[in-house]
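These are my notebook entries on one structure. I set down what I looked up, entry by entry.

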Amino acid sequence: MATTKLLLSDLISGVTHVPSNYIRPISERPNLLDVQWSDGSIPVIDLKGLSGPNRSDIIKEIGQACQNDGFFQVINHGIPEAVIKNMLQVSKEFFQLPESERLKNYSDDPSKSTRLSTSFNVKTEKVSNWRDFLRLHCYPLEDYVHEWPSNPPSFREDVAEYCNKTRGLVLRLLEAISESLGLERDYIDKALNKHGQHMAVNYYPPCPEPELTYGLPGHADPNLITVLLQDDVPGLQVLKKGKWIAVNPIPNTFIVNIGDQIQVLSNDRYKSVLHRAVVNCDKERISIPTFYCPSPDAVIGPARELTHDDHPALYRNFAYGEYYQKFWNRGLATETCLDMFKA
Ligand SMILES: O=C(O)CCC(=O)C(=O)O
């Protein structure tokens, strides 16, 4: 009797070919040979001096990266190595749990605040992605921790610690980004209304034919800003001047990218850039994005200070909840969701 497996990691044991529902049409495949390896093309910014006399120089660097690349990497970010190590370790252990244990958290409903799922949105998509993921809401922590997996036993403690520390980093970055736009330091903080913080733990199993499929196809992030932790296996690629650049993992470094909401707030000064995850034949890969967002009722629009007669508002004001729902229902697509919110 055929059994239906809900998760990719349980479906693929012994599989030597990519099942047909994961195969992209030829024109949409990743073309893995035509990728440039990151050699300084994604800036690395040292945050050490952000609270000292060099603050304005670092803010300038951040502003330039947001404007030119939409992506940058940060070192000396203040998140202890042990916290990063525990987060990666407990994530790995979670995906090694027996199927029955993992499935306790399974749901295909994107509105759920804690869920394990697969691909992107199994309810709406035509082609599947080579990924399982655990998605967690994490701010305010006390509203959500009780929903999180309780196995591995240290999961809640390790992840809560990671979330607290990552939130601290995001808040410092948001202040710096506000200032880099010439806005008050707390401009973005206030624009978010009640803040939201979500995270995904992405698990990409080894894939027998990585040239046929994606971990995640090219997409821009719908939220405000994303801070990504990746293990030591490459997979993230960023679109720069029409070319895909592979972002080589650097230990204890986070990758930061501007999401659609900062593109809107900045009236297109800063770019929410396409990125994708590719898979490989040999190694599983874990990546952990923290998605920082406005609350669903926050009204987002271009900052008045950044609109002028010769550069009018490019977007209408909208509730973030409306944006987010459209993003999930539409499925991952390279056409940005932003077009639906143009002024
Ligand atoms: O796995 C990665 O490096 C990218 C993950 C990502 O883009 C996402 O989860 O939205």
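**Ligand shell.** I listed the residues around the ligand, counting a residue as near if its C-beta atom, placed from the backbone, lies within 6 Å. They are Ala200, Asn202, Gly215, Leu216, Leu228, Gln230, Gly235, Leu236, His275, Ala277, Ser287 and Pro289. I worked on a predicted model, in which local features need pLDDT of at least 70 and side-chain atom pairs count only at pLDDT 80 or more, while totals for chains, interfaces and linings use all residues. Residues are numbered from 1 along each chain as its sequence is written.

I sorted the shell by class: six residues are nonpolar, six polar and none charged. Here Ala, Val, Leu, Ile, Met, Phe, Trp, Tyr, Cys and Pro count as nonpolar, Asp, Glu, Lys and Arg as charged, and the others, Gly among them, as polar. Strands S6 (196–204), S8 (225–230), S12 (275–277) and S13 (285–293) each supply at least two residues of this shell. I took strands (E, at least two residues) and helices (H or I, at least four) as DSSP runs, numbered from the N terminus.

**Annotated domain.** I consulted UniProt, whose unreviewed entry lists residues 194–294 as "domain: Fe2OG dioxygenase"; such annotations may be inferred rather than shown by experiment, and positions are given in the numbering used here, with feature names shortened. Over residues 194–294 I found 6% helix and 45% strand, with the end C-alpha atoms 7 Å apart.

**Before the domain.** I noted that Asn193 lies in the loop between helix H7 (187–191) and S6. Asn193 has a positive phi of about 60° although it is not a glycine.

**Cis peptide bonds.** I recorded a cis bond from Tyr139 to Pro140, with omega near -5°, and Pro140 is in the loop between strand S5 (132–139) and helix H5 (141–144). The bond from Asn151 to Pro152 is also cis, with omega near 0°; Pro152 is in the loop between H5 and H6. Most peptide bonds are trans.

**Helix H6.** I checked the span of H6 (residues 155–180), taking the expected span as 1.5 Å times one less than the number of residues. Its 26 residues should span 38 Å, and the end C-alpha atoms are 37 Å apart, which agrees. Gly182, with a positive phi near 80°, follows H6.
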